[in-house]
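Student: I would like to go through a structure with you and ask how each label is earned. Please show it first.

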Amino acid sequence: MDQEQMQTVFLCISHLLSYPDEEWANLLDDCLEAIHTVQNDAIVNNITTFIHHIQTIPAQQRMEQYVETFDFGKKTNLYVTYMNTGEQRERGLELLQLKQRYKAAGFDTTDQELPDYLPLMLEFAAYAEQQYVVPLFETYANNIDEIRKQLAAIESPYTAIFDAIFLAFEELGVKPIPKGSV
């Protein structure tokens, strides 16, 4: 995949992992159209399968499922540093370091979302140069994989999205840093 296709994948996945309100639902067809330009059948299939599934779920149920999965699930929340330190003070330092990484890559974050929020990280990956993206995801791939495993254990449809993330990581050459090496 080229840079433009990788950008499409990361932006689409970032959107799909955002809160599924009505505006979110209105953009699903655009996401489907965009993802079909990507030359990685496995990524396209995972994302397409998820979108087709989620479109069959009534809006209220879809939103409740999202909240239950990501907002109330301690092991499936989308804040990737949370499983390292929870709400401890050390997490604040890690969040500050993340903000500095984004700034070094020329990516400005807002204060609306913490820098370890996975959809924000994926948006960063869509726009930043690969030299900044690969080390970031190598650092947090194990945490993201842990979320994926937890989602798979509860048979969540979001597992397909996380599978697509790891397929994109393979395309980028992301090699997760073994636990305990950081």
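Tutor: We take helix H10, then salt bridges, aromatic pairs and one loop residue. This is a predicted model, where local features need pLDDT of at least 70, side-chain atom pairs count only at pLDDT 80 or more, and totals for chains, interfaces and linings use all residues. Residues are numbered from 1 along each chain as its sequence is written, and side-chain values use heavy atoms, with hydrogens and water left out.

Student: How do you know that the span of helix H10 is close to the expected one?

Tutor: Helices are DSSP runs (H or I, at least four residues), numbered from the N terminus. H10 covers residues 159-172, which is 14 residues. The expected span is 1.5 Å times one less than the number of residues. That gives 20 Å, and H10 reaches 20 Å from its first C-alpha to its last. Gly 173 follows, with a positive phi near 85 degrees.

Student: What makes H10 largely enclosed?

Tutor: Buried means under 20% relative accessible area, exposed over 50%, partly exposed in between (1.4 Å probe, protein chains only). In H10, 11 of the 14 residues are buried, so the rest of the structure largely encloses this helix. Among them are Ile 161, Phe 162, Phe 166 and Leu 172. The buried residues pack against helices H1, H4, H5, H8 and H9.

Student: Why is the pairing of Arg 148 and Asp 145 called a salt bridge?

Tutor: Side chains of opposite charge can pair when their charged atoms come close. The rule asks for a side-chain nitrogen of Lys or Arg within 4 Å of a carboxyl oxygen of Asp or Glu. For Arg 148 and Asp 145, the closest N and O atoms are 2.8 Å apart. The pair qualifies. Both residues lie in helix H9, three residues apart, about one turn.

Student: Which other pairs pass, and what is the count?

Tutor: The count comes to three. Lys 149 bridges to Asp 145 at 3.4 Å. Arg 148 also meets Asp 163 at 3.3 Å, N to O. Arg 148 is in H9 and Asp 163 in H10, so this bridge ties together parts 15 residues apart in sequence. Asp 145, Arg 148, Lys 149 and Asp 163 form a network.

Student: Is Asp 145 buried or exposed, and what about Lys 149?

Tutor: Asp 145 has a relative accessible area of 15%, so it is buried. Lys 149 has 47%, so it is partly exposed. Asp 163, at 26%, is partly exposed.

Student: What puts Arg 148 over the face of Phe 166?

Tutor: The charge test needs NZ of Lys or CZ of Arg within 6 Å of the ring centre and within 35 degrees of the ring normal. Arg 148 lies over the face of Phe 166, at 4.0 Å from the ring centre.

Student: Why is the pair of Phe 70 and Tyr 158 called edge-to-face?

Tutor: Rings of Phe, Tyr and Trp (its six-membered ring) pair if their centres lie within 6.5 Å; planes under 30 degrees apart count as stacked, over 60 as edge-to-face and the rest as tilted. The structure holds 12 aromatic pairs. Phe 70 and Tyr 158 have centres 4.8 Å apart and planes at 80 degrees, so the pair is edge-to-face. Phe 70 is in helix H5 and Tyr 158 in the loop between H9 and H10, 88 residues apart.

Student: How do you know that Asn 40 is buried?

Tutor: Its relative accessibility is 12%, so Asn 40 counts as buried. Asn 40 is in the loop between H3 and H4.

Conventions: Helices (H or I, at least four residues) and strands (E, at least two) are DSSP runs, numbered from the N terminus. Contact means heavy atoms within 4.5 Å.
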